[in-house]
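Please open the model in a viewer with the residue numbering displayed, and follow the selections below in order. Each stop names what to select and then states what is found there.

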Amino acid sequence: MTGSQGFQNGKTSAAEKHTEHKSLDRDSSSFKSSSNSGFGDLEKPNGFQEPFVKSQAEKKLVRKIALTLMPFVCWILLLQFADKAALSVSAVLGIYQDVHLTGSQFSWLGSMFFLGHLACQPINNIMLQKLPVARYLGTCIFLWGFVMIGTAYCTNFSQLMAVRFLLGLFEGTAMPSVYLIVNTVFRRSEQTTMYGIVTMGSGFGSVFGALVAYGISEMGPQRGINMWRWNHIIFGSLTSLLGLLCFFFLLDSPNHWVLRLTEEEKAITQERTKDNAVVRHQKLKWGQMFESLKEVRYYCICLAVMGLNMQNGALQVFSAQFIKELGDFTPGESILLKAPAGTASLLGVFIATVLARKTGQICLSGALMSTISLVGCIILAVVEQGPAKLAGFYISWFLTGGYSLLITTIGNNVSGYSKKIFYNGSFVVFYTLGNFIGPLVMLERQAPRYTGAMIGFCVGNAVAIASYIIMRFSMARENKKRLANPPEKETDVTLDLTDKQDKNFIYKL
């Protein structure tokens, strides 16, 4: 039963009021013309041939959802990045001397985190289907905060390997959970901006983490505790506090109690659910997962995310010492010079998000951002030393723009609850593989240029560019078929159809 059916009996319903006061929404495009071949931003509340409109009441609801959810999301992603990157700044805060690490052992500590990330994904996919997302994620955040604090008490390489694995295991729940929540509560036309904000949270984490670490480097050892240990204690405490807040207050469904929806807003929420095509089901639908494995788009996304994140993992783990090797910098200066990299990451996501929204071309925008990242990697590969190499390092962080639009592609173009979870889980698996491989190709004997690694990162960006182009071509071809033979009636969203089964579904290119 839809919202407009539920309030009849001779009285004007909240949903009817919503319909009466509709106005065109600039963020969503109508069915423009057959010459566009379905490339526009099409909504699906009444079949894909009708223009989508949004009332003032709905716009107010969207603001309420965004202001309630997105601050939590930003802090989750900020602390997630700062926590996993704490190892990077530890390299210039004394961990090598304190725990007697070698360069190869440090590389393994960077990669071990992502092994935990990888091990998390199969069970995480099941838990997201079976458990309330906010309670589950809040518990995992609380636990990884304790793991961060425990890292400060490690005294040898073996102990550090164990806690890095556990940190990756618990942190591996964050991204799939956040992606699923955004898929659930926002319309497809709203998701490009929201995924941009999600990815920018990591950029803020880089800047925030660098500033806190710089403060720690200036204060020096306190109470007999070395600087790198304080870094883990401070971030671990903040993370555990955030976990408690998420457990009780994180919005994870369109009808969550924290929104305090009015009757009109409840009716609007039912209409919005038809568009984002995400209705929670606790039953695993294996057929939807097998359908994913038959799609070219699935493999394009997996290869692209792995290609981009090889350099992400390497430059993230080695960034502070990499910068230090580019010039005669003190440990504090090396940490501060990480902040522009975070700013470049933020700028890359911002440009990608605005470009995709203005042009309606998600795949081409992603290919462009990957090309800019490729230029940065080429500079790192060919320039031996000096300011140009540092500039190449910063430019390479535009990879986050390409990366964020891969997430947007999944959110906008995959429907079916189990299928969406499978896509999100696979995304994180290949994200993890890329980040795992990245630090290992930074061979100690090739320092400080790491030529072999930089060439590998160039190849990874090229793979991402090619993947975006192939995805766009395949989805455009399917759009043409569907627009040439439109269905007679709208889809019942409660059937939990996949994008392949639902012929009303138009892919956003």
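Select Arg482, a buried residue with a relative accessible area of 4%. Its salt-bridge partner is Glu478, and the closest N and O atoms of the two are 3.0 Å apart. Show helix 20 (residues 451-484) as well: Arg482 and Glu478 lie four residues apart in this helix, so about one helical turn separates them. Glu478, in contrast to the buried Arg482, is partly exposed, at 22% relative accessibility. The model under inspection is a predicted one, and the values quoted at each stop are computed from it.

**Salt bridges between distant parts of the chain**

The whole structure contains eight salt bridges. For the next one, select Lys64 and Glu265, whose side chains meet at 3.0 Å, N to O. How far apart in sequence are Lys64 and Glu265? They are separated by 201 residues, with Lys64 in helix 2 (residues 56-84) and Glu265 in helix 11 (residues 263-276), and the pair thus links distant parts of the chain. Lys64 is partly exposed, its relative accessible area being 24%. Glu265 has a relative accessibility of 8%, which is under the 20% limit, and therefore counts as buried.

Move next to Arg229 and Asp98, where the side chains form a salt bridge of 2.9 Å, N to O. This pair also links distant parts of the chain: Arg229 belongs to helix 10 (residues 227-249), Asp98 belongs to helix 4 (residues 95-99), and their positions lie 131 residues apart in the numbering. Is each partner buried or partly exposed? Arg229 is buried at 12% relative accessibility, whereas Asp98 is partly exposed, with a relative accessible area of 25%.

Then select Glu291, Glu295, Arg297 and Lys419 together; salt bridges link these four residues in a network.

**Two loop residues with positive phi**

Most residues other than glycine have a negative phi. Two exceptions can be visited here. Select His100, in the loop between helix 4 and helix 5; its phi is positive, at about 60 degrees, although the residue is not a glycine. His100 is exposed, because its relative accessible area of 64% is over the 50% limit.

Select Arg260 next, in the loop between helix 10 and helix 11. Arg260 has a positive phi of about 50 degrees and is likewise not a glycine. At 68% relative accessibility, Arg260 counts as exposed.

**A helix pair**

Two packed helices are described by the angle between their axes and the distance between the axes. Display helix 5 (residues 103-130) with helix 8 (residues 174-185): the two pack at an angle of about 35 degrees, and their axes are 9 Å apart. Which residues make the contact? From helix 5 they are His117, Gln121, Asn124 and Leu128, and from helix 8 they are Met175, Pro176, Ser177 and Leu180. Sorted by class, this contact comprises four nonpolar and four polar residues, and no charged residues.

Keep helix 5 in view and add Ala314, which is placed in helix 13 (residues 296-326). Measure from the C-alpha of Ala314 to that of Gly110: the distance is 8.3 Å, although the two residues are 204 residues apart in sequence. Ala314 has 0% relative accessibility and therefore counts as buried.

**The nonpolar core**

Now select Ile76 and Phe427. Among the 135 residues of the largest nonpolar core, these two touch the most other members. Which residues are in contact with Ile76, its neighbours within four places in sequence left aside? They are Leu137, Ile141, Ala174, Val178, Leu242, Cys246 and Leu250.

**The whole chain**

Finally, clear the selections and return to the full chain, which has 20 helices and two strands. Of its 509 residues, 60% are buried. Among the contacts with a separation of 6 or more, 82% are accounted for by residues 24 or more positions apart. With a surface representation switched on, the area that the chain exposes is about 19800 Å², and carbon and sulfur atoms supply 64% of this area.

How values were computed: Residues numbered from 1 in each chain as written. Predicted model: local features only at pLDDT ≥ 70, side-chain atom pairs only at ≥ 80, totals over all residues. Heavy atoms only, no water. Core = buried A, V, L, I, M, F, W, Y, C linked by side-chain atoms within 4.5 Å. Buried < 20%, exposed > 50% of the residue type's maximum accessible area, 1.4 Å probe, protein only. Contact = heavy atoms within 4.5 Å. Areas by Shrake-Rupley, 256 points an atom, 1.4 Å probe, with all protein chains shown as cover. Axes fitted to C-alpha atoms, helices over the stretch in contact; angles between N-to-C directions. Nonpolar A, V, L, I, M, F, W, Y, C, P; charged D, E, K, R; others polar.
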